Amino acid sequence: MMATNVATGLEIEGENHIRPVIWDEWITLPIRQQDNAVQTVHGPIRVPTVIVAVNYAKVPKKRPKLCARAIRERDGNRCQYTGRVLRPDEGSLDHVLPRSRGGKNAWENLVWAGKDVNARKGNRLPHEAGLKLLSVPRAPKELPAYATIRNAHGLAEWKLFLNE
């Protein structure tokens, strides 16, 4: 992307020194100890950790990935039947309409529930088990793509741009 002038690399030397660098200059930058590099026929080139798109009209929106952590976060770590705040190991995913009855893995059919409550509910509907949902499960709103990015590799440069 940098070589075709679609993106510019950021040379980052701490929080107070962030400088955009075009490709022709980037290939001349020295490779520091913390940098990754790619080998080319002309020698090694530093791999940028952050690039900026030159012409970017619209930030794409994205919904968080459907997983237990996302359901737990959506439901505020609360059992959706009792309202009790749960530690991650005290709760589990519950299918409101059980899978055995055709329930799907979908935002609208999954809630965070206490393991004891989930076991008591079994493969029944909430009202059949004497339970009532505190709120209707919904898919979270789509967020700008950058809001769902995680710094999985712990890159120091990314910490300057992400709210973690």
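**Exercise 1. Place Ile31 in the chain, and work out which residues it meets in space.**

Solution. The starting point is the chain itself: Ile31 lies in the loop that runs between helix H1 (23-26) and strand E3 (37-40). This is a predicted model, and the values used in these exercises are computed from it. The next step is accessibility, where Ile31 has a relative value of 35% and therefore counts as partly exposed. Turning to distances, one finds that Ile31 and Val47, although separated by 16 residues in sequence, have C-alpha atoms 8.8 Å apart. The last step lists the contacts, and once residues up to four places away in sequence are set aside, Ile31 touches Ala37, Pro44, Ile45 and Arg46.

**Exercise 2. Carry out the corresponding analysis for Asn105, from its loop to its contacts.**

Solution. Asn105 is found in the loop that links strand E7 (91-95) with strand E8 (110-114). From Asn105 to His95 there are 10 residues along the sequence, and the C-alpha to C-alpha distance between them is 7.5 Å. His95 also appears among the contacts of Asn105, which, leaving aside neighbours within four places in sequence, are Leu66, His95, Arg99 and Leu110.

**Exercise 3. Determine how many disulfides the structure holds, and describe the surroundings of Cys67 and Cys79.**

Solution. A disulfide is a covalent bond between the sulfur atoms of two cysteines. The criterion applied here is a pair of cysteine sulfur atoms within 2.5 Å, and by this criterion the structure holds 0 disulfides. For Cys67, the nearest cysteine sulfur is that of Cys79, at 19 Å, and Cys67 is in no disulfide. Cys79 is likewise in no disulfide, its nearest cysteine sulfur being that of Cys67. The final step concerns exposure: Cys67, with a relative accessible area of 27%, is partly exposed, whereas Cys79, at 0% relative accessibility, counts as buried.

**Exercise 4. Examine the phi angles of Asn5 and Asn77, and state where each residue sits.**

Solution. Most residues other than glycine have a negative phi. Against that background, Asn5 has a positive phi of about 60 degrees, although it is not a glycine. Asn5 belongs to the segment before strand E1 (7-12), and its relative accessibility of 56% makes it exposed. The phi of Asn77 is also positive, near 60 degrees, in a residue other than glycine. Asn77 is placed in the loop between helix H2 (68-74) and E7, and, at 27% relative accessibility, it counts as partly exposed.

**Exercise 5. Describe the overall architecture of the protein, and decide whether it is more spread out or less spread out than a compact globule.**

Solution. Begin with the elements, of which the protein has 4 helices and 9 strands, arranged from the N terminus on as β-β-α-β-β-β-β-α-β-β-α-β-α. The radius of gyration is 23 Å, well over the 15 Å that the globule rule gives for 164 residues, so the protein is more spread out than a compact globule. Along the principal axes, the C-alpha atoms fill a box of roughly 70 × 30 × 30 Å. As for burial, 30% of the 164 residues count as buried, and the accessible surface comes to about 11,200 Å², with 54% of it belonging to carbon and sulfur atoms. Considering contacts between residues at least 6 apart in sequence, 57% join residues at least 24 apart. To finish with charge, the protein has 26 positive and 17 negative side chains, and the centres of these two sets are 11 Å apart.

Conventions:
Residues are numbered from 1 along each chain as its sequence is written. This is a predicted model: local features need pLDDT of at least 70, side-chain atom pairs count only at pLDDT 80 or more; totals for chains, interfaces and linings use all residues. Side-chain values use heavy atoms; hydrogens and water are left out. Helices (H or I, at least four residues) and strands (E, at least two) are DSSP runs, numbered from the N terminus. The radius of gyration is taken over C-alpha atoms; the globule rule is 2.2 Å times the number of residues to the power 0.38. Buried means under 20% relative accessible area, exposed over 50%, partly exposed in between (1.4 Å probe, protein chains only). Contact means heavy atoms within 4.5 Å. Accessible areas come from the Shrake-Rupley method with a 1.4 Å probe; for residues, only the protein chains shown count as cover. Lys and Arg count as positive and Asp and Glu as negative; His and the chain ends are not counted. The place of a charge is taken as NZ of Lys, CZ of Arg, CG of Asp or CD of Glu.
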